[in-house]
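Me: Could you take a close look at one part of this model for me and then work outwards from there? I'm after one connected walk-through rather than a list.

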Amino acid sequence: MTVKELMDKGWFKVINEGDDTERDIEKVFCCDLLSIAMGKAPAGCAWVTVMGNINTLAVATLADAAVVILAENAALDENATAKAEQQGVCVLATDMPIFDAALMIHEALNA
Amino acid sequence: MEDAIVLKYQVIDGEFQRAGEVSSDVKHKLKQLGVPADIVRKVAIAMYEGEVNMVIHANGGEITVEITPEQIRMILADVGPGIPDVEKAMQAGYSTASDATRNLGFGAGMGLPNMKKNTDSMDIETKLGEGTTITMVVRL
């Protein structure tokens with residue numbers, strides 16, 4: 001499933017489309033501690049988190065995540081939004097809990 | 001090293017909002033040079049951890065990146081407080097980060113171990129009260 005196909009399902013609000021929506025999502029990854037995410041987030045993952053600060057975007061870029069999904073209505077602050085636009089990172093949002101959002105993506109990946 | 005490309009950056013103290021800019025820039029340059037994606041990712045992760053450490057612990061510093069056809073060498077030099085116990089600092093989960101740092105999602109004590117994991121060699125030179133220089137190599 002590509003990032004675009006995930007967006008097209010309409011499950012999540014699009015905060016920033018990013019510049020590679022044709023990218024394949026390889027795996028789902030859940031973590032809020034950036035120190036751990038930096039080491040463990042697999043390249044090409046859909047990263048579900050409630051951490052919406054600018055460092056989340058840096059980690060997503062450097063660890064090469066395909067898309068960031070902010071769960072529990074977590075907001076992306078102004079600096080982080082600017083960073084997402086600048087770095088071309090796809091950011092989606094939902095009021096769902098982390099587990100539910102991640103499970104939905106996981107099931108779609110394995111459908 | 002006549003065909004080395006050398007990049008130099010300043011990491012500014014306390015600039016948490018900007019932490020990651022050096023690593024992002026290096027990542028883009030490596031991509032432009034056609035370095036394989038898995039190598040770029042390793043360099044980006046190791047550098048970012050180092051960059052964040054410089055912001056958290058060391059009042060900023062200087063990063064030099066040397067790129068040759070054989071390897072990428074990163075030298076992260078600061079004039080911070082130094083690391084009292086390197087062996088302890090290398091243990092996953094050991095952290096001296098402040099609550100403010102932890103609130104940002106950092107400070108889990110994974111930085112140095114993660115740098116080691118993503119590089120082919122890592123050397124730490126540190127002196128209390130004078131600073132730390134970390135040299136990391138990723139082979140191409």
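Reply: B:Asn59 sits in the loop of chain B that joins helix 2 (37-57) to strand 2 (60-67). This is a predicted model, so treat every value here as computed from it. The backbone at B:Asn59 has phi near 55°, a positive value in a residue that isn't glycine. Is B:Asn59 buried or exposed? Somewhere in between: it has 15 C-beta neighbours inside 10 Å, and since a residue needs 20 or more to be buried and 12 or fewer to be exposed, it counts as partly exposed.

Chain A has an Asn to put next to that. A:Asn73 also shows a positive phi, near 60°, and A:Asn73 is in a loop too, the one between strand 4 (67-70) and helix 4 (78-87) of chain A. With 12 other C-beta atoms within 10 Å, A:Asn73 is exposed, because 12 or fewer is the cut-off for that.

Now for the chain around B:Asn59. Chain B has 5 helices and 5 strands, and from the N terminus they come in the order β-α-α-β-β-α-α-α-β-β. Its radius of gyration is 14 Å, close to the 14 Å that the globule rule gives for 140 residues, so chain B is as compact as a globular protein of that length. Along the principal axes, the C-alpha atoms of chain B fill a box of roughly 40 × 30 × 25 Å. Of its 140 residues, 39% count as buried. If you take the contacts in chain B with a separation of 6 or more, 61% are between residues 24 or more positions apart.

On to where the chains meet. The contact takes 19 residues from chain A and 20 residues from chain B. On the side of chain A that touches chain B, the elements giving two or more residues are helix 2 (34-40), helix 3 and helix 4 of chain A. By class, that side of chain A has 10 nonpolar, 7 polar and 2 charged residues.

One helix pair across the contact is worth zooming in on. The axes of helix 3 (residues 54-62) of chain A and helix 1 (residues 21-32) of chain B come within 10 Å and cross at roughly 25°. That angle is under 35 degrees, so the two helices are roughly parallel to each other. Their crossing is left-handed. From helix 3 of chain A, A:Ala58, A:Thr61 and A:Leu62 meet B:Ser23, B:Ser24 and B:Lys27 in helix 1 of chain B. Sorted by class, this helix-helix contact has 2 nonpolar, 3 polar and 1 charged residues.

How values were computed:
Residues are numbered from 1 along each chain as its sequence is written. Chains are lettered from A and ligands numbered from 1 in the order in which they are written. This is a predicted model: local features need pLDDT of at least 70, side-chain atom pairs count only at pLDDT 80 or more; totals for chains, interfaces and linings use all residues. Helices (H or I, at least four residues) and strands (E, at least two) are DSSP runs, numbered from the N terminus. Axes are lines fitted to C-alpha atoms, for helices over the stretch in contact, and angles run from 0 to 180 degrees between N-to-C directions. Angles under 35 degrees count as roughly parallel, over 145 as roughly antiparallel, 65 to 115 as roughly perpendicular and the rest as oblique. A crossing is left-handed if the near helix is turned anticlockwise from the far one by less than a right angle, and right-handed if clockwise. Two residues are in contact if their C-beta atoms, placed from the backbone, lie within 7 Å. Ala, Val, Leu, Ile, Met, Phe, Trp, Tyr, Cys and Pro count as nonpolar, Asp, Glu, Lys and Arg as charged, and the others, Gly among them, as polar. The radius of gyration is taken over C-alpha atoms; the globule rule is 2.2 Å times the number of residues to the power 0.38.
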